[in-house]
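Here are my notes for you to read beside the model. They take up one sheet and the helices around it, then a separate helix.

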Amino acid sequence: MNHVRHPHETVLDSEPPHLMGRWKRDPLMRALTGIGNIWFPLWGSLAPLRETRVDNGIQVLDVVRREVVARDENVIALTFAAPDGSVLPQWNAGAHLDLLLPSGRMREYSLCGDPGDRTTYRIAVRRIPNGGGGSVEVHDTLRVGDQIRIKGPRNAFPLALPGYGSRAQRLRFVAAGIGITPILPMVAIADRMGLDWSMIYTGRSLDSIPFREELARFGDKVEIRTDDEHGLPTAEDLTGPVPEQDAGLTLYCCGPTPMLESLRTHLVDRRDIELHYERFSPPPIVDGTEFTISLASTGESVTVAADESALTALRRVRPETPYSCQQGFCGTCRLHVSAGSVDHRDGSLTEPERDAGYFLPCVSRCRSDGLTVDV
Ligand code: FES
């Protein structure tokens, strides 16, 4: 940038003279200038000790690494760092970031790096060509050197370590495909702390499984099992051998809905076993009935089938409707209802918000014939 001097501009090239004219340069100003000259270069080099700037919950980070982590090339890992190398807000295993993508989409991705590394965040993204477009945007647009706005980290899937908030004596990790991402830091911590743990990691084929090389260091504690070679795993395959009673076991599972449902059903009477899970797809619709959504602005209406979410139906007529988790906890899809009775099925809206007419169409449904939304 060119610096143009204005006629009345005062430029100080050196410290001003002493006010009483006793010294050519004011001693106090000289001392302050000296301190400044030492401090400002030091401040820059202290960046790794400072926490990065967060404005309104949003940080702007650089993409510093991009790598393919599955042999079928459909999964990439992206590493982010603060532009000045400063320290990032802390996170624990199971946490995720919200990526605010250039298109305006927001998508959540689990952190899969080392929680002990305070200067970078790592996520992994599977390309889903027929999804909502978020993963394709990440794959096609985010390159090393780009900047990305993020929110978080937040943790909806925390790990309670045996002896530190959990009575369990053994940990069993169950991951399927890209469900490895929140599990990866959990496994690393369990191993670092010398806990009794094992893991089963499933996928369609060996080539579709991300981070295989990274897990190799755990040897036979990690069982990799692919559908093309072994068929779909049963619930017993997923839990591994379990005693009849008092198993002292806690499971952490991340995978597709059918796998989670099979585990939940299998363990429904086992109060001695804790099951913690995170889905990466919408939950199944239970007792769904058909209803209609009308758009207040235009009077258009759309039918919500018994086995689809109101969000899916809405996006047929308003594809730009924002969403992220599709599980009723991030609040991105929140809409206001001006008529009709909502069947709230989310876990995040407060009573005052519900009373004020808000609902989350990704999971909630309707108790009346239809809803009118302020869209
Ligand atoms: S998309 Fe997250 S609450 Fe609906």
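Which residue in strand 13 does Gly-255 stand opposite?

1. Gly-255 faces Arg-279 of strand 13. This is a predicted model, in which local features need pLDDT of at least 70 and side-chain atom pairs count only at pLDDT 80 or more, while totals for chains, interfaces and linings use all residues. Residues are numbered from 1 along each chain as its sequence is written, and side-chain values use heavy atoms, with hydrogens and water left out.

2. Strand 12 (residues 249-255) runs parallel to strand 13, and 7 bridges join the two; strands are DSSP runs of E with at least two residues, helices runs of H or I with at least four, numbered from the N terminus.

3. These strands belong to an open sheet of 5 strands with parallel pairing, in the order 11-10-9-12-13, where pairing requires that DSSP finds at least two bridges between two strands. Strand 11 (222-226) and strand 13 (273-279) are the edge strands, each pairing on one side only. From one strand to the next, the twist averages 15 degrees, angles running from 0 to 180 degrees between N-to-C directions of axes fitted to C-alpha atoms, for helices over the stretch in contact.

4. Helix 7 (residues 257-266) lies across strand 9, strand 10, strand 12 and strand 13, and runs at about 165 degrees to strand 13.

5. In helix 8 (residues 310-317), Ala-310, Leu-311, Ala-313 and Leu-314 are the buried residues, that is, under 20% relative accessible area with a 1.4 Å probe and protein chains only. The buried residues of helix 8 pack against strand 14 (291-295), strand 15 (301-304) and strand 16 (335-339), contact meaning heavy atoms within 4.5 Å.

Key. Buried < 20%, exposed > 50% of the residue type's maximum accessible area, 1.4 Å probe, protein only.
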